[in-house]
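Got your viewer ready? Let's take a short walk through this structure, one selection at a time.

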Amino acid sequence: MATLVLLRHGESDWNAKGLFTGWVDVSLSAKGEDEARRGGKLLTDAGLYPDVVHTSLLNRAIQTAQFALGEADLLWLPVKRSWRLNERHYGALQGKNKAQTREQFGEEQFMLWRRSYDTPPPPIADDDEFSQVGDRRYALLPPELMPRTECLKDVVDRMLPYWYDEIVPDLSAGRTVLVAAHGNSLRALVKHLDDISDDDIAGLNIPTGIPLRYDLDEHFRPLRRGGEYLDPEAAKAAAEAVANQGR
Ligand SMILES: O=C(O)[C@@H](CO)OP(=O)(O)O
């Protein structure tokens, strides 16, 4: 059996302001820092000690791992980072207010962009203030892989190679793996793990800062579908709050 722990970053400054964030590199809010520390405490309270951590290239996930691992006295852990764990690129919606977008385009279009499996928002222009073109952290990314927008299906497609090539080898070596990432990159991973249909994934929301534990069988499939949040009640309330953003 292998153990995987998924951790969505704590609340970011833009989560607090209700803005679409995607690849824009915002920091944790003070509340988000507290959530991340609490996530670390939940790990130690559960006796869960990761051996390795994987993060996206975005500060809010990196900071969350740091705060959580600091709390657990595990700052020394080996770490791997990849753009493949980044948040979904939100295209031209990056930097836009969710409630205003919903008012402007209507509930149906808002939800299609936000939660449908295969409808990406319009692409972002390279000269948009919230474009990542030219960002040094993606300098080694082949230009044809640099997204200008993504739907969840695109995230599944770019995340899965990292799952198979980098995370599964750690799990099969017997390591407990912590993945600190984002609402939509973790939805992509949970969709794969729990084999959730393209339609049903629209209803899945991941709360900030609450570790989600998966014990996996020899085929790296969950022993228990849906895994187990280390604070299930708080996770349920927080997932509902995520679902209701923009309302
Ligand atoms: O703005 C974003 O990048 C994401 C996560 O915060 O938002 P949503 O939950 O609306 O997909």
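**Stop one: a helix and its cover**

Start by selecting β6 (228-229), which is part of what covers the buried residues of α8. Keep in mind that you're looking at a predicted model.

Now add α8 itself, residues 232-243. This helix has 12 residues and reaches 16 Å from its first C-alpha to its last, close to the 16 Å expected at 1.5 Å a residue.

Which residues of α8 are buried? Colour Ala-235, Ala-238 and Ala-239 and you have them. Turn the view to look down the axis of α8: its buried residues fall within an arc of 105°, so they line one face of the helix.

Next, swing round to the face turned away from that buried side. Here you'll meet the exposed residues Glu-233, Lys-236, Ala-237, Glu-240 and Ala-241.

**Stop two: an enclosed strand**

Jump to β4, residues 177-181. Five of the five residues of this strand are buried, so β4 is largely enclosed by the rest of the structure.

Show the side chains. In a regular strand they alternate between the two faces of the sheet. In β4, Val-177, Val-179 and Ala-181 point one way, while Leu-178 and Ala-180 point the other way.

**Stop three: the strands paired with β4**

Bring in β1, residues 2-8, which pairs with β4 in the parallel sense over five bridges. Click Val-5 and look across to its bridge partner in β4, Leu-178.

Then add β2, residues 52-55, which also pairs with β4 in the parallel sense, over four bridges. What stands opposite Leu-178 here? Select Val-53 to see it.

Notes:
Residues numbered from 1 in each chain as written. Predicted model: local features only at pLDDT ≥ 70, side-chain atom pairs only at ≥ 80, totals over all residues. Helix = DSSP H or I, 4+ residues; strand = E, 2+ residues; numbered from the N terminus. Expected span 1.5 Å × (residues − 1). Buried ≥ 20, exposed ≤ 12 C-beta atoms within 10 Å, placed from the backbone. Arc of directions from axis to C-beta. Contact = placed C-beta atoms within 7 Å. Pairing = 2+ DSSP bridges.
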